[in-house]
Amino acid sequence: MTISLEPGTEEHRLYLRHLAHYLRHSRQILAAWDHYSAQHSDPETFQPHDEDAYGVRQQQRDADTLAAFSRVYYPADELVDVAEQQLAQLPASDRTRRYAWQVQELHEATERLYAVYNDWLTVRAALPESAQPGTPAYEEPLSESYAEAWHYLTQWAIHGEALFAVNALAERQSKTGAPIAVAAPPAPVTAATARRRAQ
């Protein structure tokens, strides 16, 4: 990526607003998916009643989540880089170490998202000329790419709030010039919940 982002600039605040929009939208998408999954799966085995319809709805979830992330996608690595810079200026504590771990999770998720996209470009370039958008030959590998990206988008949904917490701490410290107490992070989505949503 070629974006050069400085903390506290209007551009930085704009991308954080885009991230806030994604976090809200992704929660809505996940809530709708959880509702659909509960209504269309066996409550004991969690197996879908209609695998084909369930698969189509799952593909829609993946595509909707990626679309919601579109305004964050390109500056994602820069947002993570800014947070890493800000963390380096904050006093060490259990909370800042937790934020550092979350930011590292975002760093890895972003790298994987970019890799998934590059893989899709390679696949798309190798498709026959007859494989146009709307045809199964095009849509099936595209859906597979979306499905692979969804896990990393979920990581952003789980850990994205850390960027706001780190930015708020850095801004407060910049204003006061003194170490500050670190507020507790928002409750994360549990691994069990993430696994259930991936079904």
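These questions and answers look at helix packing and the nonpolar core in a predicted model.

User: How do α1 and α2 run relative to each other, roughly parallel or roughly antiparallel?
Analyst: Helix α1 covers residues 10-39 and helix α2 covers residues 51-68. Their axes come within 9 Å and cross at roughly 175°. Angles over 145 degrees count as roughly antiparallel. The two helices are therefore roughly antiparallel.

User: How many residues in the contact of α1 with α2 are charged?
Analyst: On the α1 side, the residues include Tyr22, His25 and Trp33. Those of α2 include Arg57, Arg61 and Asp64. The contact has eight nonpolar residues and four polar ones, and the charged residues number three.

User: What is the angle between α1 and α4, and is their arrangement roughly parallel or roughly perpendicular?
Analyst: The axes of α1 and α4 lie 11 Å apart. Their packing angle is about 115°. That makes α1, relative to α4, roughly perpendicular.

User: Which residues of α4 does α1 meet?
Analyst: The crossing of these two helices is left-handed. From α1 come His12, Tyr15 and Leu16. Their partners in α4 are Leu79, Val82 and Gln86.

User: Which helix gives the most to the largest nonpolar core?
Analyst: This core has 35 residues. Helices supplying at least two residues each include α1, α4 and α6. The top contributor, with seven residues, is α5.

User: Which residues does phenylalanine 69 contact, leaving aside its neighbours within four places in sequence?
Analyst: Phe69 is among the residues with the most contacts inside the largest nonpolar core, as is Tyr22. Beyond those sequence neighbours, Phe69 is in contact with Tyr22, Ala76, Leu113, Leu153 and Trp156.

Terms used:
Residues are numbered from 1 along each chain as its sequence is written. This is a predicted model: local features need pLDDT of at least 70, side-chain atom pairs count only at pLDDT 80 or more; totals for chains, interfaces and linings use all residues. Side-chain values use heavy atoms; hydrogens and water are left out. Axes are lines fitted to C-alpha atoms, for helices over the stretch in contact, and angles run from 0 to 180 degrees between N-to-C directions. Helices (H or I, at least four residues) and strands (E, at least two) are DSSP runs, numbered from the N terminus. Angles under 35 degrees count as roughly parallel, over 145 as roughly antiparallel, 65 to 115 as roughly perpendicular and the rest as oblique. Contact means heavy atoms within 4.5 Å. Ala, Val, Leu, Ile, Met, Phe, Trp, Tyr, Cys and Pro count as nonpolar, Asp, Glu, Lys and Arg as charged, and the others, Gly among them, as polar. A nonpolar core is a set of buried Ala, Val, Leu, Ile, Met, Phe, Trp, Tyr and Cys residues joined through side-chain atoms within 4.5 Å. Buried means under 20% relative accessible area, exposed over 50%, partly exposed in between (1.4 Å probe, protein chains only). A crossing is left-handed if the near helix is turned anticlockwise from the far one by less than a right angle, and right-handed if clockwise.
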